[in-house]
Amino acid sequence: MSQQPVPAPTPALDLNNIQGDILSGLPKKTQTYFFFQVANVKLFRSQLSKFTPLVKTTAQVLKDRKTIEDHKKKGDKTLITMVGVNIAFSHKGFQALGIDDTTLTSTEPNFKLGQKDDAKNLGDKVTGTGAPDWEPEFLQDIHAVILISGDSHGTVNKQLKEIKDIFGASIKEVTTIVGDVRPGKESGHEHFGFLDGISNPSVIGFDTNPLPGPKPVRAGVLVTGHDGDLGPSPRPAWAVDGSYLTFRHLFQNVPEFNKYLEDNPVPVPGLSREEGSELLGARMVGRWKSGKWKVSSPIVFAHLLSFRNNNFRFQAEGAFQKICPFSAHIRKTLPRADLEDFGAGISIEKNRIARRGVQFGPELTKDEINSNKTAHGRGLLFACYSTSIKTGFAFLQESWANNPTFPPGAAPAVPGYVFNVETLDLVLTMSRLDPIIGQGARTFSGTDPNTPATALTAPAFVVPRGGEYFFSPSLKGLKETLATA
Ligand code: N7H
């Protein structure tokens, strides 16, 4: 009798070895990204051993989160002084340090290329006839980034100074970007006004009590060297318990976005113009701004109705798009049933990313509101982790968000096709571009639930101005391989 092979036991996650931002997210009211080059390799690697004790682990983040929770339970509204530091290196950074990172590059062309050379593939305007969108800082080589999160600018700046003192002349700053959680009731909302940070992958072996939602992922989807990591196996010890970090400096044209909603209300009978505008925004994103629907609408929009609900799959909609347009941002970036129920089923586990962004820039000024024109840079410091950029961030941006024929489908329930009610023909509406982050010919359909064929055209409301791909190594990797005594 042949025996079934016994799967190798998955090693438990060593939460003291994994940097804190990857699985749990560093708690933050503010976060500074300090991008730099290594100017003196020998000095840098010896100073790295003095820096590493500052790096916050996942175990420490969980402790911090418990402290915050207990503090809140006591009814104390003050913020606890808290700081969290993480570090990550680009391919150019590993090269500069003389570290062979083949384990990271061999299956990851985006990481090997670096983001400035990958930007065109992502749809970014890097060079061209007009002024390039990318900031000159991000056209320089970036070797590494240090992330510092905290309760206040004071706490973070003090920590940054201490770090700069440790590294001294061994590093050269490229640029520093400060992000801040928005004030008051906008806290947790990104600059277009939508609540963010609702849906992130639950991780088997880490999230012990996941909320109902998309299938939990194996730890290796986010942490290298574990079950689900599709990269080279085995990884050298220093590259286990790490994760790729994608950073994007995304500017948002908020007054222009608001004006667009104002000018193009969804003409649903029974809704006021203002409500139609709110509906357009909700259908472009796939969620309401606040999660709550203010008016009694004649239409039921299932998951759009409930606050923080993540337990939906977009299934059984056929070509009709009543519940959610195929082009909606959250459907484009996590198509759920559109792929999982397609044909024999397509797993989307390898495409999951853990998003850890923060907002940057001021609130809208009166002048910007009155003129409908952006005068001050604001947007999202987009950051996400996964064990593959190729099947993670880059795939989501290039093959899903920018792809006007995604999600796919088969007749008669053909996403992106609609019935012509007069001829009963199926008409292809090549217009499933993500209206939020999609780059390319910016037309999208499905925003009007009653006439989903109607396509809208919009300017780009999100403009990528820079970024880089990094790898966030384990604590052991930092101490034993990257640092020298
Ligand atoms: Fe998106 N937005 O405000 O419109 N995003 N995003 N994103 N995004 C999400 O579910 C937004 C960007 C994903 O699991 C929400 O947590 C903005 C990039 C993924 O259902 C909102 C920007 C990429 C999800 C926004 C931006 C993604 C997601 C709903 C840029 C990857 C989870 C809140 C400025 C390439 C999908 C939530 C799921 C959700 C917005 C960027 C991906 C409100 C403004 C670049 C995977």
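**Close-up 1. Asp196 and other polar partners of the ligand.** A polar side-chain atom of Asp196 sits 3.4 Å from an oxygen atom of the ligand in this predicted model. Glu190 also takes part, with a polar side-chain atom 3.2 Å from a ligand oxygen. Then look for Ser199, where a polar side-chain atom lies 2.5 Å from an oxygen atom of the ligand. Ser199 also turns up in the list of the closest residues around the ligand, along with Ile198, His329, Arg336 and Arg355.

**Close-up 2. The iron atom and its protein donor.** Which residue gives the iron atom of the ligand its single donor from the protein? That's His329, whose NE2 atom is 2.1 Å away from the iron. To find His329 in the fold, go to helix α12, which covers residues 329-333.

**Close-up 3. The shell around the ligand.** Zoom out a little from the iron and you'll find 26 residues surrounding the ligand. How do they split by class? The shell has 15 nonpolar residues, joined by six polar and five charged ones. Several elements supply at least two shell residues each: the strands β5 (243-252) and β8 (379-386), plus the helices α12 and α15 (393-401).

**Close-up 4. Arg336 and its backbone.** Arg336 is one of the closest residues to the ligand, and its backbone deserves a look too. Its phi is positive, at about 45°, even though Arg336 isn't a glycine. Most residues other than glycine have a negative phi, and most peptide bonds are trans. You'll spot Arg336 in the loop that runs between α12 and α13 (337-340).

**Close-up 5. Two cis peptide bonds ahead of prolines.** Here we step through a pair of loops. The bond from Ser233 to Pro234 is cis, its omega being near 0°. Pro234 belongs to the loop between β4 (171-180) and β5. The peptide bond from Phe406 to Pro407 is cis as well, again with omega near 0°. And where is Pro407 found? Follow the chain into the loop between α15 and β9 (417-419).

**Close-up 6. The second largest cavity.** Rolling a probe the size of a water molecule over the atoms shows where empty space is left. This structure holds two cavities of 30 Å³ or more, and the second largest has a volume of about 60 Å³. Its lining is made up of Lys92, Leu113, Gly114, Gln115, Lys116, Asp117, Phe138, Gln140, Asp141, Ile142, Gly467 and Glu468. Two elements give two or more residues to that lining, namely α7 (115-122) and β13 (462-472). Of these, α7 gives the most, with three residues. What mix of classes faces this space? There are five charged residues, four polar and three nonpolar.

**Close-up 7. Lys112 and its contacts.** Lys112 is part of helix α6, which spans residues 109-113. Set aside the neighbours within four places in sequence, and Lys112 is in contact with His91 and Thr105. Asp101 is also worth picking out: Lys112 and Asp101 are 11 residues apart along the chain, and their C-alpha atoms are separated by 9.4 Å.

How values were computed. Residues are numbered from 1 along each chain as its sequence is written. This is a predicted model: local features need pLDDT of at least 70, side-chain atom pairs count only at pLDDT 80 or more; totals for chains, interfaces and linings use all residues. Side-chain values use heavy atoms; hydrogens and water are left out. On a 1 Å grid over the protein atoms alone, a cavity is a set of points where a 1.4 Å probe fits but cannot get out, and a pocket is an open set with protein on both sides within 12 Å along at least five of seven lines; lining residues have an atom within 4 Å of a point. Grid points are joined across faces, edges and corners, and a volume is the space filled by probe spheres set on the points. Helices (H or I, at least four residues) and strands (E, at least two) are DSSP runs, numbered from the N terminus. Ala, Val, Leu, Ile, Met, Phe, Trp, Tyr, Cys and Pro count as nonpolar, Asp, Glu, Lys and Arg as charged, and the others, Gly among them, as polar. Donors are N, O and S atoms within 2.8 Å of the metal (3.2 Å for Na, K and Ca); water is not among the atoms, so sites may look incomplete. A residue is near a molecule or strand if one of its heavy atoms lies within 4 Å of it. A polar contact is a pair of N or O atoms within 3.5 Å; within protein, one must be able to donate a hydrogen and the other to accept it, and residues adjacent in sequence count only if both atoms are side-chain atoms. Contact means heavy atoms within 4.5 Å.
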